[in-house]
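Colleague: I'm new to reading models like this one, and I'd love a close look at a single part. Could you pick one helix and walk me through what surrounds it, then show me some of the ring pairs too?

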Amino acid sequence: MSKKLTIGLFGFGVVGQGLYDIIKTKNLNLEIVKIAIKNPEKDRSLPKELFTTDRDDILNNPEINTVVELINDTEAAFEIVSRALSSGKNVVSASKKMIATYLDELIALQQKHGTSLLYEGSVCGSIPIIRNLEEYYDNELLHSISGIFNGSSNYILSKGFIEGLDYSTALKQAQDLGFAETDPTMDVGGFDAKYKLIIAAAHAYGVVIDPKDVLNVGIQNLSAKDLQYAREKNLKIKLVPVAKELDDRHVTLFVLPKFVTESEFLYNVEHEYNGVTVQAAFADQQFFFGKGAGGHPTGSAVLSDIAALRYNYAYEYKKAKADNNRLQFTNNVDINIYLRYDDEALVDALEFEHIHERFYSGSYKFVIGKINLQKLIDNQQQIADSGAFVAFADQLSGVKLANAKLQEAEA
């Protein structure tokens, strides 16, 4: 039997409005009791008495049994969610940065208080990837998860590749359409994709990783020369987060632009759409595709979580709790990259272990070769400041654990 949910909603922006639009078309035995907002002067589509600027009107209300958190302030979101969980209220959230940053604490709060936090809407909008990782793949060995997790950056890359727009023009279009923020760093810098990847990896591999330890390189330094190189090789450039199990003890995560081949599912994922590829040992390769952002797509994922709470659904974090789970995160892996650069000192600083190809022509210089991931992390600021562009070129040999160095480190 389903129970009635009495909901306190935090935030009534694009997703909050989208969620309300969907709820009013359904008969789901739930009621929105109060909506907390920041700006009381803004015109609203609902009666004024439904809104409040005091979070305690929701958090201290014993009649509200469910909190839905849809704000974009990380610290405020964590305070709201942690207080709600601690007071016996179940929570649905779409705040990917907050969840990725505080996931350890949030798991502990759920276990301590017997409450449930669901967050399908925080990863890839309408694509039901978290529930599938948690339930469908709960006993499956997953070799890798990768994809397009950010619609804003994918829109910019699509415009550059399909229409030949330069980066700044494509970014302006994305901002005008509401796909990118005035400060687009979170999206185009790969931060948004990284937070989503960390959340997905917790359910796929049972590892909770500090976002500061995971490399994210974005598309800000993309140039027409990089797009021309991709076209000549029948490749496309996509911003791709990767989580990969290396052996029975190690997993690695990173976010990099990537050269995608025609045979890959991601090749045809364009504009604001997202796609997730799961490579499993027994189920083989599976692909999830859908809109990754927007009020109604994300609202539908939030509503799915709300509906699940009517039946007391909770994540079990099965792989994290498994006795045989010995996976640890490492950046000590070798990957193949394309580096377009100006300053030879950068190539020297990165200490390539092997260079497969090197090209000089006027102002266009690039190398393709194998490098240790930690070297990219150590020189990330220099790469950004120099205007260099880095892309993952996994079609050469993929991701390999740097075994010799790892053995030395563990000795």
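Modeller: Let's start with Gly88, which sits just after α3 and takes a positive phi of about 90 degrees. Keep in mind that this is a predicted model. Gly88 also has a partner far along the chain: Gly114 is 26 residues away in sequence, yet the two C-alpha atoms are 7.5 Å apart in space. You'll find Gly114 in the loop between α4 (96–113) and β6 (117–118). With a relative accessible area of 67%, Gly114 counts as exposed, because the cut-off for that is over 50%.

Now step back into the helix. α3 covers residues 74–86, so 13 residues in total, and spans 18 Å from its first C-alpha to its last, close to the 18 Å expected at 1.5 Å a residue. At its N-terminal end, Asp73 acts as a cap: one of its side-chain oxygens lies 3.2 Å from the backbone nitrogen of Glu75.

Which residues of α3 are buried? They are Thr74, Ala76, Ala77, Phe78, Ile80, Val81, Ser82, Ala84 and Leu85. When you look for a pattern in such a list, it helps to know that an α-helix has 3.6 residues a turn, so residues three or four places apart point the same way. And what covers these buried residues? The cover includes strands β1 (5–10), β4 (66–69), β5 (90–93) and β6, along with helices α2 (56–59) and α4. Notice that α4 and β6 are also the two elements on either side of the loop with Gly114.

On to the rings. The structure holds 20 aromatic pairs. In one of them, Tyr313 and Tyr315 have ring centres 6.0 Å apart and planes at 90 degrees, so this pair is edge-to-face. Both tyrosines fall under the 20% cut-off and therefore count as buried: Tyr313 has a relative accessible area of 18%, and Tyr315 has 5%. Compare Tyr364 and Phe366: their centres are 5.5 Å apart and their planes are at 45 degrees, so that pair is tilted. Tyr364 and Phe366 are buried as well. They also belong to one aromatic cluster, together with Tyr229, Phe259, Tyr338, Phe359 and Phe389.

Finally, look for charged side chains over rings. Arg231 lies over the face of Phe161, at 5.1 Å from the ring centre, while Lys236 lies over the face of Tyr267, at 4.4 Å from the ring centre.

Conventions
Residues are numbered from 1 along each chain as its sequence is written. This is a predicted model: local features need pLDDT of at least 70, side-chain atom pairs count only at pLDDT 80 or more; totals for chains, interfaces and linings use all residues. Side-chain values use heavy atoms; hydrogens and water are left out. Helices (H or I, at least four residues) and strands (E, at least two) are DSSP runs, numbered from the N terminus. Buried means under 20% relative accessible area, exposed over 50%, partly exposed in between (1.4 Å probe, protein chains only). Rings of Phe, Tyr and Trp (its six-membered ring) pair if their centres lie within 6.5 Å; planes under 30 degrees apart count as stacked, over 60 as edge-to-face and the rest as tilted. A charge sits over a ring if NZ of Lys or CZ of Arg is within 6 Å of the ring centre and within 35 degrees of the ring normal. Contact means heavy atoms within 4.5 Å. A polar contact is a pair of N or O atoms within 3.5 Å; within protein, one must be able to donate a hydrogen and the other to accept it, and residues adjacent in sequence count only if both atoms are side-chain atoms.
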